[in-house]
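Let's take a tour of this structure together, one residue and one surface at a time. Have the view open beside you as we go.

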Protein chains: 2
Amino acid sequence: MTTVTRVPRGEARARLIEAARSLVRHRGFAATSVDELCAAAGVTKGAFFHHFPSKEALGVALVDDWTAMTGAMFAAHPYNTKADPLDRVFAYIDLRRELLGQPLPEFSCVAGTTVQESYETSPPIRAAAERSIRSGFDHVRRHLEEALAAHPVPGITADSLAQQFQVATQGGIILAKALNDPAPAREAFDHLERYLRLLFGR
Amino acid sequence: MTTVTRVPRGEARARLIEAARSLVRHRGFAATSVDELCAAAGVTKGAFFHHFPSKEALGVALVDDWTAMTGAMFAAHPYNTKADPLDRVFAYIDLRRELLGQPLPEFSCVAGTTVQESYETSPPIRAAAERSIRSGFDHVRRHLEEALAAHPVPGITADSLAQQFQVATQGGIILAKALNDPAPAREAFDHLERYLRLLFGR
DNA sequence: ACAACTATACCGACTAGTTGGTATGTAATC
DNA sequence: GATTACATACCAACTAGTCGGTATAGTTGT
């Protein structure tokens, strides 16, 4: 007697995205089949193609959901309340380092993983990844703008500095995957912090 | 009358790796089929499985070939002859920035792309990517060791600093792919150079 | 010098299983 | 009673990998 615990009506879409987030982080997008996705979500193919016109469309939805998820997480964090903008930036770095305590597939970035496979093959997914990455450095950019307004550094823009946060994040993840060790990802933030302290004279 | 220009005997293996390098950079490993690989190399499936026991084996060969290729390229470059180790490091950064002048798929890193898809699904490919990444920062590490010996910086090791070169490289590539623009990759090296100048007081 | 043998390099048809996607049906909800 | 939210059965195309065969190069005995 197999207990057919069905996914409650209305939850299929969310479950599919959840399953996709996990599977894509572990295996990548191309290597994850629609059938696997459905099995992991506890849903049939009918449900899949009811909610998404294609696998590609799920990819876009996945990345956009990721953008919203991470955005909400960073926006809700108490580090935003600190008075000094540079303190907020350093607290943000602390937060990112904390995230690296989880197992590797748990801190890997859905947008970063996805864009590697789709930047040429799927414009819609690439565009979604771009939105995600941009939203990522928009978070720090505001704090950096404030910090630079109070303490200008010649030749440095908030924009290009904010990009370095994503460079450290994404580069750190790849190193961690290649060396099978989260340490280099952590060190990437150590160096970024030191760089900022040198720039701002802290 | 179709001119069946056959690949000369003995070249099939090299052609397959060449084709793989190109296709993987454009589409990723999982999304590239063995049939596509053979077609691009101008070779049949018999040749493929004569030289490689599996698609995974080709992946390993591809990444190892990549390691040898890039290693030889950096080793042969004139920047190695400069007297001052830090000058060598800066010249290396210049070289990397120059490479970013090519179209995106041409400067993307085979190891970085591959490890994203295979770090959990294929231990042999992940191991090959690890070799590649390590060989990548071994190049700069020697120069950094010399530079640090002459001008020690408290709390900084050549190893962890060398890793930052790969972080900048890999992170820059992902940003470039996501934003569809090589500029952030170049800026990653600008910031890395400024960081080094601050650390070493140049 | 040449035939006989062996090993390597490659060809191309085939297969069993998987792929993304569809067509049609049915139960719940508005 | 119409729309939404699924389930099930199905399909053509493609997947990695196999297998019997052939063409070429190297080796060896005479």
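## Starting at Arg21(A)

Let's begin with one arginine and its surroundings in this predicted model. Leaving aside residues up to four places away in sequence, Arg21(A) touches Leu62(A), Asp65(A), Trp66(A), Met69(A) and Val110(A). Arg21(A) itself sits in helix α1 of chain A, which covers residues 12–27.

Is Arg21(A) buried or exposed? Its relative accessibility is 16%, so Arg21(A) counts as buried; the cut-off for that label is under 20%.

## Chain A as a whole

Stepping back from that residue, we find that chain A holds 10 helices and 0 strands. Read from the N terminus, its elements therefore follow the pattern α-α-α-α-α-α-α-α-α-α, each α standing for a helix. The C-alpha trace of chain A spans about 65 × 35 × 30 Å along its principal axes.

Chain A has 202 residues, and 54% of them count as buried. Looking at contacts in chain A with a separation of 6 or more, 67% come from residues 24 or more positions apart.

## Where the two protein chains meet

Next comes the contact between the protein chains. Chain A contributes 47 residues to it, and chain B contributes 47 residues as well. Between them, chain B and chain A bury about 4,200 Å², with 63% of that area on carbon and sulfur atoms. On the chain B side, the residues that lose the most area to chain A are Gln116(B), Tyr119(B) and His191(B), which together make up 16% of what that side buries.

How many salt bridges are there between chain B and chain A? The count is 0. Polar contacts are another matter to look at: 17 residue pairs are in polar contact across the interface of chain B and chain A, with both residues at pLDDT 80 or more. On the side of chain B that touches chain A, two or more residues each come from α1 (12–27), α6 (104–107), α7 (110–118), α8 (123–150), α9 (158–179) and α10 (183–200) of chain B. Of these, α9(B) gives the most, with 15 residues. Sorted by class, this side of chain B has 22 nonpolar, 15 polar and 10 charged residues.

## Around DNA strand C

Now for the DNA. DNA strand C is surrounded by 21 residues, and the closest are Val34(A), Lys45(A), Arg9(B), Gly10(B) and His51(B). Among the atoms of DNA strand C within 4 Å of the protein, 56% belong to sugar or phosphate, while the rest belong to bases. A phosphate oxygen of this strand lies 2.7 Å from a backbone N or O atom of Val34(A), and a phosphate oxygen lies 2.5 Å from a backbone N or O atom of Gly10(B). Lys45(A) reaches a base: one of its polar side-chain atoms is 2.6 Å from a base oxygen of DNA strand C.

Which elements supply this surface? At least two residues each come from α2 (34–41) and α3 (45–51) of chain A and from α3 (45–51) of chain B. The largest share, 5 residues, comes from α3(B). By class, the surface near DNA strand C has 5 nonpolar, 8 polar and 8 charged residues.

## Around DNA strand D

DNA strand D also has 21 residues around it, the closest being Arg9(A), Thr44(A), Val34(B), Lys45(B) and Lys55(B). Of the atoms of DNA strand D that come within 4 Å of the protein, sugar and phosphate account for 56%. Backbone N or O atoms of chain B lie by phosphate oxygens of this strand, at 2.8 Å for Val34(B) and 2.9 Å for Lys55(B). An N or O atom in the side chain of Arg9(B) is 3.4 Å from a base oxygen of DNA strand D.

The elements that each give at least two residues to the surface near DNA strand D are α3 of chain A along with α2 (34–41) and α3 of chain B. Here α3(A) gives the most, with 5 residues. The classes on this surface come to 6 nonpolar, 8 polar and 7 charged residues.

Notes:
Residues are numbered from 1 along each chain as its sequence is written. Chains are lettered from A and ligands numbered from 1 in the order in which they are written. This is a predicted model: local features need pLDDT of at least 70, side-chain atom pairs count only at pLDDT 80 or more; totals for chains, interfaces and linings use all residues. Side-chain values use heavy atoms; hydrogens and water are left out. Contact means heavy atoms within 4.5 Å. Buried area is the accessible area (1.4 Å probe) that two parts lose on being put together, summed over both. A salt bridge is a side-chain nitrogen of Lys or Arg within 4 Å of a carboxyl oxygen of Asp or Glu. A polar contact is a pair of N or O atoms within 3.5 Å; within protein, one must be able to donate a hydrogen and the other to accept it, and residues adjacent in sequence count only if both atoms are side-chain atoms. Helices (H or I, at least four residues) and strands (E, at least two) are DSSP runs, numbered from the N terminus. Ala, Val, Leu, Ile, Met, Phe, Trp, Tyr, Cys and Pro count as nonpolar, Asp, Glu, Lys and Arg as charged, and the others, Gly among them, as polar. A residue is near a molecule or strand if one of its heavy atoms lies within 4 Å of it. Buried means under 20% relative accessible area, exposed over 50%, partly exposed in between (1.4 Å probe, protein chains only).
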